[in-house]
Amino acid sequence: MLRDSLGGSANQEVIREIDAATTELRLAIDELRELAQGLDPPLLREGGLRVAIESLAERMHMPVMLKLKLDERFSRSVETTSYFVVAEALANAAKHADASTISVSARRADGCLILEIEDDGRGGADPAGGSGLRGLADRLAAVGGQLAVSEVAGGGTRVQAQIPCE
């Protein structure tokens, strides 16, 4: 409606920004509908964890470096839990950390999927202080996993998740 109200004389950069925002909102609405139904995001079901994490990274408005050693599919519960850990950690870094870059790594080691999400922001994340990290810890505990949140030397936060996958 906003785009239509501007008419044909609107600045093309403004039109591009409105179109981009519209696309992002449609994707967010689709994801919310899926989540409200308790389902995995379609991209995760169809493409797997690597593709889903890459999609999350592409939607961030800051650089996200990926180190994903995910050459296999995992159980649905492992992939779903992993997806939400990465999504929440990225959202927290974008909202609260004042970060300029984020890195996401994922690898299988000793029968577990190990996720690490690290930002270069101001640090100070506290799982006891907000519902997002507490919710992640609960989600991980439900599948036998563990969450660790720590400060990064020089500033920033590291979120580590360990999820049994055997």
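Trainee: Why is Asp 98 called exposed?

Mentor: Good place to start! This is a predicted model, and in it Asp 98 has a relative accessible area of 63%. The word exposed is used for anything over 50%, so Asp 98 earns the label with its 63%. Asp 98 belongs to the loop between helix 5 and strand 2, which spans 102–109.

Trainee: What makes the phi of Asp 98 worth a remark?

Mentor: Its sign. Most residues other than glycine have a negative phi. Asp 98 is not a glycine, yet its phi is positive, at about 55°.

Trainee: Which phi does Asp 110 have, and where is Asp 110 found?

Mentor: Asp 110, also not a glycine, has a positive phi of about 50°. Asp 110 sits in the loop between strand 2 and strand 3. Its relative accessible area is 81%, so Asp 110 is exposed.

Trainee: Let me step back to the whole chain. What is its secondary structure made of?

Mentor: The chain has 6 helices and 5 strands. If you walk along the sequence, you meet them in the pattern α-α-α-α-β-α-β-β-α-β-β. The C-alpha atoms fill a box of roughly 60 × 40 × 30 Å along the principal axes.

Trainee: How many of the 166 residues count as buried, as a percentage?

Mentor: The value is 36% of them. To be counted, a residue must have under 20% relative accessible area.

Trainee: Why is the contact between Arg 16 and Glu 13 called a salt bridge?

Mentor: Set the distance against the cut-off. A side-chain nitrogen of Lys or Arg has to be within 4 Å of a carboxyl oxygen of Asp or Glu. For Arg 16 and Glu 13 the N to O distance is 2.9 Å, so the pair passes. Both residues lie in helix 2, 3 residues apart, which is about one turn of the helix. The structure holds 6 salt bridges.

Trainee: Is Glu 13 buried, exposed or partly exposed?

Mentor: Glu 13 has 40% relative accessibility, so it counts as partly exposed. That value falls between the 20% and 50% limits.

Trainee: What makes Arg 50 and Asp 71 a salt bridge?

Mentor: Their side chains come to 3.8 Å, N to O, and the limit is 4 Å. The pair links distant parts of the chain: Arg 50 is in helix 4 (residues 49–58), and Asp 71 is in the loop between strand 1 (64–68) and helix 5, 21 residues apart. Arg 50, at 27% relative accessibility, counts as partly exposed, whereas Asp 71, at 76%, is exposed.

Trainee: How do you know that the salt bridge of Glu 118 and Arg 158 ties together separate parts of the sequence?

Mentor: First, the side chains of Glu 118 and Arg 158 meet at 2.9 Å, N to O. Glu 118 belongs to strand 3 (residues 112–119) and Arg 158 to strand 5 (residues 157–164), so the bridge ties together parts 40 residues apart in sequence. Glu 118 is partly exposed, with 25% relative accessible area, and Arg 158 is partly exposed too, at 24%.

Trainee: Which residues are joined into one network by salt bridges that share partners?

Mentor: Those are Arg 50, Glu 54 and Asp 71.

Trainee: Which residues make the nonpolar surface patch, and what makes Val 14 fit in it?

Mentor: Leu 2, Leu 6 and Val 14 make the patch, which is about 240 Å². A patch residue needs over 30% relative accessible area. Val 14, in helix 2, has 39% relative accessibility and counts as partly exposed, so it clears that bar.

Trainee: What can you tell me about the largest pocket?

Mentor: About 750 Å³ of space lies in it. Its lining has 23 residues, and the closest to the pocket's centre are Glu 31, Leu 56, Arg 59, Ala 87 and Ala 91. Helix 2 (12–36), helix 5 (76–97) and helix 6 (131–142) each give two or more residues to the lining. Helix 5 gives the most, with 8 residues.

Trainee: How do the lining residues divide by type?

Mentor: There are 14 nonpolar, 3 polar and 6 charged residues in the lining.

Trainee: One last check: why is Gln 146 called exposed?

Mentor: Its relative accessible area is 53%, and the bar is over 50%, so Gln 146 is exposed. You can look for Gln 146 in strand 4 (residues 146–151).

Technical notes:
Residues are numbered from 1 along each chain as its sequence is written. This is a predicted model: local features need pLDDT of at least 70, side-chain atom pairs count only at pLDDT 80 or more; totals for chains, interfaces and linings use all residues. Side-chain values use heavy atoms; hydrogens and water are left out. On a 1 Å grid over the protein atoms alone, a cavity is a set of points where a 1.4 Å probe fits but cannot get out, and a pocket is an open set with protein on both sides within 12 Å along at least five of seven lines; lining residues have an atom within 4 Å of a point. Grid points are joined across faces, edges and corners, and a volume is the space filled by probe spheres set on the points. Helices (H or I, at least four residues) and strands (E, at least two) are DSSP runs, numbered from the N terminus. Ala, Val, Leu, Ile, Met, Phe, Trp, Tyr, Cys and Pro count as nonpolar, Asp, Glu, Lys and Arg as charged, and the others, Gly among them, as polar. Patches are made of residues with over 30% relative accessible area and no salt bridge: like charges are joined within 9 Å, nonpolar side chains (Val, Leu, Ile, Met, Phe, Trp, Tyr) within 5 Å. Accessible areas come from the Shrake-Rupley method with a 1.4 Å probe; for residues, only the protein chains shown count as cover. Buried means under 20% relative accessible area, exposed over 50%, partly exposed in between (1.4 Å probe, protein chains only).
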